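This report goes through selected parts of a multi-chain model, one topic at a time. Keep the structure in view while reading.

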Amino acid sequence: MIRAVGYRLAQAVMVALLVGVLTFLMMQALPGDMAFRIAAGRYGYDSVNAAAAEAVRQELGLDRPAIEAFGRWFMDLLRLDFGTSVISGAPVIEEIRHQLGASLQLAGAALALSLLIGPPVGVMAGLRAGGWLDRGLLVVSTALRSVPQFLMGLILIVLFSIQLGWLPAAGYGRPAHFILPALTLALGLAAASARITRDAMAGVAGTPFYAFGRWKGLGEGQLFRRHGLRNIGVALVTFLGLQFAMLVEGVVVIEAIFGWPGIGHALVHAIFGRDVPMVQGTALLLGLGFVALNAAVDLAAHWIDPRGTEKAGAKA
Amino acid sequence: MTILLNAENVSVHAGAEQLVEPVSLALRAGRPFTILGETGSGKSLLAQAIVGTLPDGLRASGQVTLDGHALDLARPGGHRALWGRVIGVLPQEPWLSLDPLMKARAQVAEGHALVRGLSWEDAGTAADRDLAELGLDGAGDRRPDQLSGGMAQRVAFAAARAAGARIVVADEPTKGLDVARRDDVIELLMREVREGGALLTITHDLALARRMGGDLAVVLKGRVVERGPADQVLTNPQHDYTRRLIAADPSSWPQGLRRPPKGAPVLSARDLSVTRGGKRLFEGLDIDLHPGEIVGIWGPSGCGKSTLGDILLGLAHPDRGTVTRCAGIAPVRFQKLYQDPPSAFPRHIRLGQALDDLVRLHGLNAARIPGLMERLRLSPILLSRRPTGVSGGELQRLALLRVLLLDPVFLFADEPTSRLDLITQAEVTELLSEAARETGMALLIVSHDPDLLDRTADRVISLGTAPEGDAGTPRGVPRAGGGERLRDRVALV
Amino acid sequence: MSAITTDIPVTARSGWTRTQWAGTAILMLIVAFALLAPILFPADPLRQSLRNILGGPDAASPLGYDHLGRSLTARLAAALRLSLWIAAAAVVTSAVLGMAVGVLAAWRGGWVDRLAALLADSFLALPGLLMVLIVSAIVPSTPLAFWIGLTLVLWIEYFRLTRATVSRLIVAPGVQASRLLGFGPVYIFRRHLWPELAPMLLTVAAFGAATAIMTIAALGFVSVGMRPPTPELGLMMVEMLPYYREAPMALLTPVLATFLTLLGLNLIAGGRRA
């Protein structure tokens, strides 16, 4: 267990380093007059002059040798000092705190919805591998996998907003605004979690101990509760950890499409406006979020299955 | 004696093909019944048809009466209500049949609680009592990975019977277990018989069949070729196959000629000590291997038999000690045969291709292959197949051929026949020792079967000791003769 | 040898399944369209024409025209070529990179292995879309940025698979036997490792190509990918969305093309027998 924690810490440092390098390169790639453009964005075109641009250049370390600049850059990052957003001028931490709430609402709703659909369908399909439900699930999940989330969003918008006019296509604040983006996200996640659950369940249902349970005289329901649930648990929990990446990607695109004022929406804007501090803060948050979540997954998996924890690092 | 299980005209089909010809048998309370046969003989299918656990795609027919309940096997599903309550199935390799995440007590208790309807509290008490009766006090809180193979077997036995079954069907109960554990299993099963239960055992293990006694049926290619009281069948076999089977058992092999070591050793080891996983396997071990000599290594599983061979080949490293090869001999002349023959060949290429690769690599004389094939009784057609398309015995002989092409001076055979059937085992072992005598290579052969080593080897090195006295040591085997001494024989429990 | 018949495990049927053939057929159709359209219906995908604004199908463009009168046939074919090229390039580079690091890590073991695994896990922590976005902000040319960014995302899967497979095989009796028989690393790779890796790599490659195509389209759709007027699947959709009522087919064509491409790839990837 200590080894697993150590590994996650090393991973966190490595993620920070990776984000540091990437965003540093991004900053280095800013065109020469970018300092001027940033200054313009910050103070308005009328009040921009060479001095203001120079101040921005200084602040971002655009004038120092690369190695020294990177050292300073990375130290700031480790102190979680991201500076201020180049575009809005507000501290990056504040901006992110603002947007995170909206994103978590959306992600949480989508995840809850997908868990209501995916695992139960997966269990039923896995218990009768090769049956009609199983084959149906394969067809549906392959089809859903071939519809990217933005396309699903587009289809739902065209269908429910444009064609039928039932739901708003974009916006934030009312419960109705939740339905389309959450459903868009949930459909893809549900298909994936159903497949994972199905494979895990089919695996468990094919084990000698599942058969032995029958020979002991247990009924199918008793068998599932006693020997099925816990044994598919590790696969499910591990999948939840990996699904985070899928969820984040979905959130970025879906927020941009539905105009949801969350972290993904802001990220797209920050990239578009070359707002390096914002990109850095968001990327680090997402990367460390992934690491933290998977550390939690390690713990949960250990709780479900205490055997052989030494491989915790290799699982992610 | 009451008949608890009566099977009439039980047969098994896969589509139009008949896998098991109609068989009738009766199981009486207090008298064991054993079905003996090799891998693929259909013995397990027969048992599975009787207890209703046939895999999908196979069809059974016939009638079975289980403790008064009559079932038509052509209509599957009828067994479900009898499992656990009337008939207990002890599965193959029980350590795989226990829920890996559940403690032993709970796995036994659920039969009492969910099938017999006791409260969970009473069921737990009952489970503890069952486990204690089988000598497993205190094991109730352990998960299967914390149990030894023998303990897992007893837990599975308790679990299979918790719901009250009086008819027990045990499928290959000694598969994967040490010889030393075999006695425990027999005791476990016989106990059931003494208490008035009925027992049907399916096995390939001649010794198990002999020790169980009762009635015996010998199965070959889906047909019962001989049946009767076990002692009668085994001492006075009528069918040719039964005779060959009994003759192939290492305990009935003729005693090979023991030769004293001759010439300078091709391989010497001095003062070897090995610890694995915190366990000291052996210490201060000296070995000399001479040309043409056959040396056996015997010991219970986990005693370091294979590790010792790997160390001599340089595949593993000792904590202390040295291995010296006779100077001037090419490294490829020190070779190994593996326990699982298919895993020793590249999986995806034809066997002929694998041999060609070897011939090309070392510039060998390919003209030797046909002669060796004939000598090892291998059909040339096998060379056009992949490893998965050839039987284990043939593949092991091909592995021997591959090695012989390199004119080895030393061959380490790591349980080369433990995955093979009795008759094949006899053939392969005989060819191995002939190869050693004819080519003058030193053969180090690892086995868990003391009789096999006793009949084959010039001398035998025993590693580790069985927990109780002589129960597991080879009979009449010189323990560490010749040039070695075994300073410490480390007890393993 | 009485045991032969049932002793032998049934050899897994090699070759492609029916599902995989269906996937290949779909993909071939898409590729054929992308390559042949410029020959059969030659038109500049960027040339605007007031006469053809939101025009229906005609002989010169069977898929009709967009809001600026550009040939949708030419644009769709160009968009597909772009996506398929980037996807193919990213799949090839990531496969080479991932396998090389994977084999190296598993073969060498020790700290090399641990470091490589840590690096891969750290890359995994950054969502792929984010990685591509950041690289696109560093590298000036968008197709090049997609290629690099997607390679950085896709190599992980090759690495993990190669490492797991090789480290399992390397200690297995087959490889040990070959070493004892005097064979070197090249032979071991060719005869033992590659035949086990190849079929799995096909699956990963198909999924990887699907990821690449999805990413390119998604970023185009939210306006941070390819820049107009470049024909690109996601861009085409977002361009045609406002004209959905007047010309639904103009929106539907890129949607369908994207779906079919991904479906073909997913069928190839998912159609293998377990």
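## Annotated spans of chain C

The end C-alpha atoms of residues 144–161 of chain C are 26 Å apart, and this span is 100% helix and 0% strand. The model is a predicted one. Residues 118–138 of chain C are 90% helix and 0% strand, with end C-alpha atoms 24 Å apart. Both spans come from a UniProt record (unreviewed entry), which lists residues 21–41, 82–106, 118–138, 144–161, 200–227 and 247–269 of chain C under "transmembrane region".

Another UniProt annotation, also from an unreviewed entry, is "domain: ABC transmembrane type-1", and it covers residues 80–269 of chain C. Over residues 80–269 the chain is 84% helix and 0% strand. The end C-alpha atoms of that stretch lie 20 Å apart.

## Chain C as a whole

What does chain C contain in the way of helices and strands? It has 10 helices and 0 strands. Along the sequence, the pattern of chain C reads α-α-α-α-α-α-α-α-α-α. Taken along the principal axes, the box filled by the C-alpha atoms of chain C is roughly 80 × 50 × 30 Å.

One helix pair within chain C is H3(C), residues 72–108, with H10(C); their axes come within 11 Å and cross at roughly 25°. Angles under 35 degrees count as roughly parallel, so H3(C) and H10(C) are roughly parallel to each other. The crossing of H3(C) with H10(C) is right-handed. On the H3(C) side the contact is made by C:Leu72, C:Leu76, C:Ala79 and C:Leu80, and on the H10(C) side by C:Ala250, C:Thr253, C:Pro254 and C:Ala257. By class, these residues are 7 nonpolar, 1 polar and no charged.

## Where chain C touches chain A

How many residues of chain C are in contact with chain A? There are 33, and they meet 38 residues of chain A. On the chain C side, the elements that give two or more residues are helix H4 (110–125), helix H5 (128–138), helix H8 (185–221) and helix H10 (248–270). That side of chain C has 27 nonpolar, 5 polar and 1 charged residues.

Helix H10 of chain C thus appears in two settings: it packs with H3(C), and it gives residues to the side that touches chain A.

## Two helix pairs in chain A

Two packed helices are described by the angle between their axes and the distance between the axes. In chain A, helix H11 (residues 263–272) packs with helix H12 (residues 276–304) at an angle of about 140°, and the axes are 8 Å apart. This angle makes H11(A) oblique to H12(A). Their crossing is left-handed. H11(A) contributes A:Ile263, A:Ala266, A:Leu267, A:Ala270 and A:Ile271 to the contact, while H12(A) contributes A:Met278, A:Val279 and A:Thr282. The contact of H11(A) with H12(A) has 7 nonpolar, 1 polar and no charged residues.

Helix H6 (residues 132–145) and helix H8 (residues 175–205) of chain A have axes that come within 9 Å and cross at roughly 140°. H6(A) and H8(A) are therefore oblique to each other, and H6(A) passes H8(A) in a left-handed crossing. The contact residues of H6(A) are A:Asp134, A:Leu137, A:Val140, A:Ser141, A:Leu144 and A:Arg145; those of H8(A) are A:Leu187, A:Gly188, A:Ala191, A:Ala194, A:Arg195 and A:Arg198. By class, this contact has 6 nonpolar, 2 polar and 4 charged residues.

## A sheet in chain B

Chain B has an open sheet of 6 strands with mixed pairing, in the order E6-E7-E8-E3-E9-E10. Which strands are at the edges? They are strand E6 (87–90) and strand E10 (223–229), each of which pairs on one side only. From one strand to the next, the twist averages 15°.

Strands of a sheet pair through backbone hydrogen bonds, either parallel or antiparallel. At one edge, E6(B) pairs with strand E7 (residues 167–171) of chain B in the parallel sense over 4 bridges. Within this pair, B:Ile87 has B:Ile167 of E7(B) as its bridge partner. At the other edge, strand E9 (residues 215–220) of chain B and E10(B) run antiparallel and are joined by 6 bridges. Here B:Ala217 has B:Arg227 of E10(B) as its bridge partner. The hairpin of E9(B) and E10(B) has 2 residues between the strands, and B:Lys221 in that hairpin takes a positive phi near 45°.

How values were computed. Residues are numbered from 1 along each chain as its sequence is written. Chains are lettered from A and ligands numbered from 1 in the order in which they are written. This is a predicted model: local features need pLDDT of at least 70, side-chain atom pairs count only at pLDDT 80 or more; totals for chains, interfaces and linings use all residues. Two residues are in contact if their C-beta atoms, placed from the backbone, lie within 7 Å. Ala, Val, Leu, Ile, Met, Phe, Trp, Tyr, Cys and Pro count as nonpolar, Asp, Glu, Lys and Arg as charged, and the others, Gly among them, as polar. UniProt positions are given in the numbering used here, feature names are shortened, and annotations may be inferred rather than shown by experiment. Two strands pair if DSSP finds at least two bridges between them. Axes are lines fitted to C-alpha atoms, for helices over the stretch in contact, and angles run from 0 to 180 degrees between N-to-C directions. Angles under 35 degrees count as roughly parallel, over 145 as roughly antiparallel, 65 to 115 as roughly perpendicular and the rest as oblique. A crossing is left-handed if the near helix is turned anticlockwise from the far one by less than a right angle, and right-handed if clockwise.
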